[in-house]
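Q: I have a model open on my screen and I'd like to learn how to read it. Can you take me through it feature by feature?

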Amino acid sequence: EFVADMQKRGIRVLAYRPVAYKPFPEAVTRLAERLGTSPQSVVLGWLLKRGVWPLVKCRGDHVAENFSSPASLKDKLSDADLEELATAEAGLRVSAEWFG
């Protein structure tokens with residue numbers, strides 16, 4: 001896997017705007033409901049658990065949520081949760097900013 005290979009080489013992997021595109025995969029929303037949190041927090045917690053650094057663009061109330069909730073959530077995600085998220089169909093999404 002790309003992420004694991006980069007991490008083995010000592011390269012930090014960044015996820016650019018990982019919660020900008022919706023709707024979230026079903027696995028994400030199911031897990032969010034089960035854990036009593038937002039889908040955004042599940043995605044960010046999953047990235048942090050994998051050692052991926054999310055770069056999130058947000059403002060307003062989301063700033064506090066995106067900062068605190070995923071940090072504690074990453075420790076609550078089980079191996080089964082991680083497997084379910086890894087198989088979630090997210091589709092390929094791109095940002096217009098990449099090609100601007």
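Q: Among contacts between residues at least 6 apart in sequence, what share join residues at least 24 apart?
A: Keep in mind that this is a predicted model. The share is 75% of the contacts between residues at least 6 apart.

Q: And which secondary structure elements should I look for, and in what order?
A: There are 5 helices and 2 strands. Walking along the sequence, you meet them as α-β-α-α-β-α-α.

Q: How many of the 100 residues count as buried?
A: The cut-off to remember is under 20% relative accessible area for buried, and over 50% for exposed. By that rule, 31% of the 100 residues are buried.

Q: Let's try a helix. Which residues of H2 are buried?
A: Helix H2 covers residues 26–35, and its buried residues are Ala-27, Val-28, Leu-31 and Ala-32. They sit on the same side of H2, because their arc around the axis is only 130°. Turn to the other side of H2 and you find Glu-26, Glu-33 and Arg-34 exposed.

Q: What covers the buried residues of H2?
A: The cover includes two helices, H3 (39–49) and H5 (79–86).

Q: Now H5: which of its residues are buried, and which are exposed on the other side?
A: Asp-81, Leu-82 and Leu-85 are the buried ones. Their arc is only 100° around the axis, so they lie on the same side of H5. The exposed residues on the other side of H5 are Asp-79, Ala-80, Glu-83 and Ala-86. As for partners, the buried residues of H5 pack against H2 and H3.

Q: Can we zoom in on one of those? What is Leu-82 in contact with, leaving aside its neighbours within four places in sequence?
A: Leu-82, a residue of helix H5, is in contact with Trp-46, Lys-49 and Leu-77 once those neighbours are left aside. Take the pair with Lys-49: the two residues are 33 apart in sequence, yet their C-alpha atoms are 8.8 Å apart in space.

Q: Which residues are buried in H3?
A: In H3 the buried list reads Gln-40, Ser-41, Val-42, Val-43, Leu-44, Gly-45 and Leu-47.

Q: There's a serine in that list. Why does Ser-41 count as buried?
A: Its relative accessible area is 0%, so Ser-41 is buried. Setting aside the neighbours within four places in sequence, Ser-41 has contacts with Glu-65, Ser-69, Pro-70 and Leu-73.

Q: How should I think about a nonpolar core, and which residues have the most contacts inside the largest one?
A: The general idea first: in soluble globular proteins, nonpolar side chains tend to be buried together. Here, the largest nonpolar core has 18 residues, and those with the most contacts inside it are Val-28, Val-42, Val-43, Leu-47 and Val-52. At least two residues of this core come from each of helix H1 (2–8), H2, H3 and H5. H3 gives the most, with 4 residues.

Q: What is Val-52 in contact with, leaving aside its neighbours within four places in sequence?
A: With those neighbours set aside, the contacts of Val-52 are Val-3, Gln-7, Val-13, Leu-14, Ala-15 and Leu-47.

Q: And Met-6 in H1: why does Met-6 count as buried?
A: Met-6 has 17% relative accessibility, so it counts as buried. Beyond its neighbours within four places in sequence, Met-6 is in contact with Ile-11 and Val-13.

Q: On to the backbone. Where do I find a positive phi?
A: Just after H2, Gly-36 has a positive phi of about 70°. Gly-51, which follows H3, has a positive phi near 80°. Then there's Arg-17, which is not a glycine but has a positive phi of about 50°. You'll find Arg-17 in the loop between strand S1 (14–16) and H2.

Q: Last one, pockets. How much space lies in the second largest pocket, and which residues are closest to its centre?
A: Rolling a probe the size of a water molecule over the atoms shows where empty space is left. In this model, the second largest pocket holds about 190 Å³ of space. It is lined by 12 residues, and the closest to its centre are Val-19, Ala-20, Lys-22, Lys-57 and Cys-58. By class, the lining has 5 nonpolar, 3 polar and 4 charged residues.

Terms used
Residues are numbered from 1 along each chain as its sequence is written. Side-chain values use heavy atoms; hydrogens and water are left out. On a 1 Å grid over the protein atoms alone, a cavity is a set of points where a 1.4 Å probe fits but cannot get out, and a pocket is an open set with protein on both sides within 12 Å along at least five of seven lines; lining residues have an atom within 4 Å of a point. Grid points are joined across faces, edges and corners, and a volume is the space filled by probe spheres set on the points. Ala, Val, Leu, Ile, Met, Phe, Trp, Tyr, Cys and Pro count as nonpolar, Asp, Glu, Lys and Arg as charged, and the others, Gly among them, as polar. Buried means under 20% relative accessible area, exposed over 50%, partly exposed in between (1.4 Å probe, protein chains only). The arc is that of the directions from the helix axis to the C-beta atoms. Contact means heavy atoms within 4.5 Å. A nonpolar core is a set of buried Ala, Val, Leu, Ile, Met, Phe, Trp, Tyr and Cys residues joined through side-chain atoms within 4.5 Å.
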